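Reader: Before we discuss the terms, could you show me the chain, so that I can follow each answer on the structure itself?

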Amino acid sequence: MTANLTRRKLCQSAGVALMMLPVITVCTDASAKTNLSMREKLKYQSQPKEGMSCAACLEYLPGSSDQSVGGCKVIPEDDEISARAYCVAWNTM
Ligand code: SF4
């Protein structure tokens with residue numbers, strides 16, 4: 001009886017572990033980084049402002065395609081910068 005109970009508990013634990021596998025995979029697969037504190041300091045917004053956008057800023061580091069997000073020299077450790085975004089550090093000089 002005890003052996004059956006232990007085996008049942010072991011199978012239940014294994015089942016739970018298998019069900020969690022996709023969750024763990026998704027969590028570890030998320031390699032995108034966002035630097036929220038710098039974004040806040042620089043008043044980053046996801047929309048252009050008066051014709052100024054990251055795509056036209058010298059600090060922008062474009063993504064692999066026109067549609068993908070990129071980085072910014074002023075906002076380190078952030079690879080989710082939209083070409084259509086804007087912040088107060090916008091620079092064309
Ligand atoms: Fe965009 Fe600001 Fe970085 Fe320029 S400095 S690319 S406007 S986030």
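Author: What follows takes up a few terms and sets each value against its definition. This is a predicted model, in which local features need pLDDT of at least 70 and side-chain atom pairs count only at pLDDT 80 or more, whereas totals for chains, interfaces and linings use all residues. Residues are numbered from 1 along each chain as its sequence is written, and side-chain values use heavy atoms, with hydrogens and water left out.

Reader: Where is E59 placed?

Author: E59 sits in the loop between α2 (36-41) and β1 (60-61), where helices (H or I, at least four residues) and strands (E, at least two) are DSSP runs numbered from the N terminus.

Reader: Why is E59 said to have no salt bridge?

Author: A salt bridge needs a side-chain nitrogen of Lys or Arg within 4 Å of a carboxyl oxygen of Asp or Glu; the nearest side chain of opposite charge to E59, K73, is 4.7 Å away, so no salt bridge is counted. E59 is nevertheless buried, that is, under 20% relative accessible area with a 1.4 Å probe and protein chains only.

Reader: What makes the space in the structure a cavity?

Author: On a 1 Å grid over the protein atoms alone, a cavity is a set of points where a 1.4 Å probe fits but cannot get out. The structure holds one cavity of 30 Å³ or more, and the largest has about 90 Å³ of space, a volume being the space filled by probe spheres set on the points. Among the 13 residues lining the largest cavity (an atom within 4 Å of a point), C54, C57, E59, C72 and C87 are the closest to its centre.

How values were computed:
Buried means under 20% relative accessible area, exposed over 50%, partly exposed in between (1.4 Å probe, protein chains only). Lys and Arg count as positive and Asp and Glu as negative; His and the chain ends are not counted. On a 1 Å grid over the protein atoms alone, a cavity is a set of points where a 1.4 Å probe fits but cannot get out, and a pocket is an open set with protein on both sides within 12 Å along at least five of seven lines; lining residues have an atom within 4 Å of a point.
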